[in-house]
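Hi there,

Here is the structure I promised to pass on to you. Have a look at it first, and then read on for my notes.

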Amino acid sequence: MSNQGADLKLPNPNDVEETLGMLFGKSVTAKRIATPGKLPGVGTVSIYTFDDDEVGAAVFCELGLTNSLGASMMMIPAGAAEDATDEGEIPKNLLENFHEVANVITSLLNDRRSHAKRVKLDRVVVLPEELDDETSSLIASPGRIVSYDVFIPGGYPGGELRFCL
């Protein structure tokens, strides 16, 4: 990865809470995970690229949280997210809704300065699907990473949201 990633920012918990809270109209909680562990084998990785298609950021979302964000986006009851999580899957409708959430997460990564390089959502990979080498190395590097336990009220499963730059 080149130094164009220096224009990106790791979001703080208040930014995560405010952005997701405004999106869902609910009071979302984001608590920092001091030492994030190895990525679980299931969930999603949203991949964000610069204009030249270079990967600039990856955001991991745990399975339960992916389902919750997708369900909450369209006011689908929490039970649907719980059931899907219990079955270890992400239904098509929740994944489509999650894509919208992943697109909004772009605003948490981009610096607001006018001259800063920006990323856009390129794709969402459902794990355990294989990640490309560039994304895998970004997630595995000990560089700029921050993780949060995110909770949406209303009985939705929470989970980890990890930002990797």
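Is lysine 9 buried, partly exposed or exposed? With a relative accessible area of 21%, lysine 9 is partly exposed, because buried would require a value under 20%. Please keep in mind as you read that this is a predicted model.

Lysine 9 also has a charged partner: it forms a salt bridge with aspartate 15, and the closest N and O atoms are 3.9 Å apart. That distance counts because the cut-off for a salt bridge is within 4 Å. Aspartate 15 is partly exposed too, at a relative accessible area of 26%. The count for the structure comes to four salt bridges.

Two others in that count centre on arginine 123. Its side chain meets that of aspartate 122 in a salt bridge at 2.2 Å, N to O. Arginine 123 forms another salt bridge with aspartate 132, where the closest N and O atoms are 2.3 Å apart. Through these shared partners, Asp122, Arg123 and Asp132 are joined into one network. As for their accessibility, arginine 123 is partly exposed at 31%, aspartate 122 is partly exposed at 38%, and aspartate 132 is partly exposed at 26%.

Leucine 121 sits in strand β4, which covers residues 120-127. Its relative accessible area is 19%, so leucine 121 is buried. If you would like a distance to check in your viewer, leucine 121 and asparagine 93 are 19 Å apart in space, C-alpha to C-alpha, and 28 residues apart in sequence.

Now for the aromatic side chains. The structure holds one aromatic pair. Tyrosine 148 and phenylalanine 163 make up this pair in an edge-to-face arrangement, with 6.3 Å from centre to centre and 70° between the planes. Tyrosine 148 belongs to strand β5 (residues 145-151) and phenylalanine 163 to strand β6 (residues 159-164), so the pair ties together parts that are 15 residues apart in sequence. Both tyrosine 148 and phenylalanine 163 are buried.

Finally, there is a patch of charge on the surface. Glu82, Asp83, Asp86, Glu87 and Glu89 form a negative surface patch. Within this group, glutamate 89 is placed in the loop between α3 (78-86) and α4 (92-109). Its relative accessibility is 38%, so glutamate 89 counts as partly exposed.

Happy viewing, and best wishes!

Methods:
Residues are numbered from 1 along each chain as its sequence is written. This is a predicted model: local features need pLDDT of at least 70, side-chain atom pairs count only at pLDDT 80 or more; totals for chains, interfaces and linings use all residues. Side-chain values use heavy atoms; hydrogens and water are left out. Patches are made of residues with over 30% relative accessible area and no salt bridge: like charges are joined within 9 Å, nonpolar side chains (Val, Leu, Ile, Met, Phe, Trp, Tyr) within 5 Å. Accessible areas come from the Shrake-Rupley method with a 1.4 Å probe; for residues, only the protein chains shown count as cover. Lys and Arg count as positive and Asp and Glu as negative; His and the chain ends are not counted. The place of a charge is taken as NZ of Lys, CZ of Arg, CG of Asp or CD of Glu. Helices (H or I, at least four residues) and strands (E, at least two) are DSSP runs, numbered from the N terminus. Buried means under 20% relative accessible area, exposed over 50%, partly exposed in between (1.4 Å probe, protein chains only). Rings of Phe, Tyr and Trp (its six-membered ring) pair if their centres lie within 6.5 Å; planes under 30 degrees apart count as stacked, over 60 as edge-to-face and the rest as tilted.
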